[in-house]
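Q: Please give a close account of one part of this structure, namely the way its paired strands are arranged. Some context from the rest of the protein would also be welcome.

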Amino acid sequence: MRGPGAWWRAKSTAGKVETYTRWSFHSFPLIEVGGFGIPLFGQLPMRHASWFFVLLCAHGVLSSFTVSRALDGARGRRAQPVRLLWAFGLLSALVGFVAMLLARYAHLDEEARTALGAAFGGVMIFGLGTLALGVHSRRRLSALIVAFSVGGGACALGVGAGGAGALATVVAVFLGTTLISFTSVFSVWLLKAVYELEDARETRARLAVAEERLRFGRDLHDVIGRNLAVIALKSELAVQLARRERPEAVEQMIEVQRIAQESQREVREVVRGYREADLGVELSGAQGVLAAAGINCSVDGADTAGLPGEVQSALAWVVREATTNVLRHGNADQCAVVLRVREGQVVLTVENDGIRTGGGEQAAGSVSGAGSGLAGLRERLAVVDGTLEAGPVGGEAFRVVARVPLGSGGAKGSGSGSGSGSMGLASGSADSRKGSASGPASRGAGAVVRSAAVPESAS
């Protein structure tokens, strides 16, 4: 069973902000009942305290219900609860009116009247804070603040507080309602802004996917478009010659075969260019993508420029797959990537704390054979005589360690071998690096698209 911590970490940033906002306003009824209602039992006669406490509880329940509906309306999930807001406003006025009647006619001492006055002020302030969640007009909200403040002063006069006491009540209610109203309005604005930012991020990712697909389509068109046109013409010519039993038909079909083989080679070159991986770019891209996902990623690595190309390509795929698993399976807060060259071998370590929330077990399933990503990495590393170790460490972290000897004689084409089935996190082709954004996160997003857009069967 997942604990409260796992439930919280599993939420997106926008979801966390919404949960925090909702429960912040749900605390209003608790403050009213616990801070103002319960103390009345020791200061008012039992029959008066009991009835007022029940009324205060009803106000709290309706306040909580109004908060939920008003925030749903602010998120656009339902229409604004206009009738519910009116009902809650009338109930708030009723609670205040009952408090005034008790203070005026129940023959209470000064201490009891003070407690009722505090309860009245709390109901007015927190009540308007709840109403402000659903009142989006500045004029209407200002009018409510003035009305509540004047009403508070009138109640103070009604219980015999005098002019000075009534003025102090007006000022106190005005300042309290203004502050709580600003807090409510700002909370709604912040919640909308966070969700709009999340939507904008998703839209940017979809646009990046569309742009990358168009660019890949243009590359394929430029490479094989002319050849396909030539093949079509020569095939038609060969058909006409064959119908006339001309021997030139065989020569035309041989030429068609040659052009088709050349086109196949060129398509493979295009796909290979999209699948090549650069270790330095992958490290920067992984850090940028994880940071964009709210994961603190540290990269501590040696200079990758001196490493052989086939070693860089194999380790770059390890960075892609390991970072993808952090995003896909775990709920990590921290991720550390370390690259070291020692004792004639390159050691790449990727460690994250996502196993604490249950993500590690899922990732471990991929290692044991449930998934194809890490199995594909082992195949890539085997080409350069490398090894891969992956699994939980001490029940607190999940670690992936890749070791590649510098004296390996792997083929340079290892970077374009069979796909691992994972998303790419950084661009590998020279053309794409020239056309991509300068930031690491932009390079990472481009390669996510690239890996998804290129079919495995094309290589």
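A: What follows describes the paired strands, set within the protein that surrounds them. The model is predicted.

The protein contains 14 helices and 5 strands. Of its 459 residues, 42% are buried. Where contacting residues lie at least 6 apart in sequence, 72% of the contacts join residues at least 24 apart. The accessible surface of the protein is about 23,400 Å², and carbon and sulfur atoms account for 60% of that area.

The account of the strands may begin with strand 1, which spans residues 296-301 and pairs with strand 2, residues 334-342, in the parallel sense. This pairing runs over 6 bridges. Within it, Val299 faces Val337 of strand 2.

Strand 2 also pairs with strand 3, residues 345-352, and here the two run antiparallel, joined by 8 bridges. Two of the bridge partners can be named: Val338 is matched with Thr349 in strand 3, and Ala336 is matched with Glu351 in strand 3. The connection between these two strands is a hairpin with 2 residues between them. In that turn, Glu343 has a positive phi of about 50 degrees.

Strand 3 has a further partner in strand 5, residues 397-405, to which it is joined in the antiparallel sense over 8 bridges. In this pairing, Val347 stands opposite Arg403 of strand 5. Strand 3 thus pairs with strand 2 and with strand 5. Because 6 of its 8 residues are buried, that is, under 20% relative accessible area, strand 3 is largely enclosed by the rest of the structure. As a general point, side chains in a regular strand alternate between the two faces of the sheet.

For context elsewhere in the protein, the second largest pocket may be considered. The space in this pocket is about 540 Å³. It is lined by 22 residues, and the closest to its centre are Leu85, Trp86, Leu131, Val135 and Leu144. Three helices each supply at least two residues of the lining: helix 4 (82-105), helix 5 (110-131) and helix 6 (138-158). Helix 4 gives the most, with 8 residues. By class, the lining of the second largest pocket comprises 14 nonpolar, 7 polar and 1 charged residues.

Definitions and conventions:
Residues are numbered from 1 along each chain as its sequence is written. This is a predicted model: local features need pLDDT of at least 70, side-chain atom pairs count only at pLDDT 80 or more; totals for chains, interfaces and linings use all residues. Side-chain values use heavy atoms; hydrogens and water are left out. Helices (H or I, at least four residues) and strands (E, at least two) are DSSP runs, numbered from the N terminus. Buried means under 20% relative accessible area, exposed over 50%, partly exposed in between (1.4 Å probe, protein chains only). Contact means heavy atoms within 4.5 Å. Accessible areas come from the Shrake-Rupley method with a 1.4 Å probe; for residues, only the protein chains shown count as cover. On a 1 Å grid over the protein atoms alone, a cavity is a set of points where a 1.4 Å probe fits but cannot get out, and a pocket is an open set with protein on both sides within 12 Å along at least five of seven lines; lining residues have an atom within 4 Å of a point. Grid points are joined across faces, edges and corners, and a volume is the space filled by probe spheres set on the points. Ala, Val, Leu, Ile, Met, Phe, Trp, Tyr, Cys and Pro count as nonpolar, Asp, Glu, Lys and Arg as charged, and the others, Gly among them, as polar. Two strands pair if DSSP finds at least two bridges between them.
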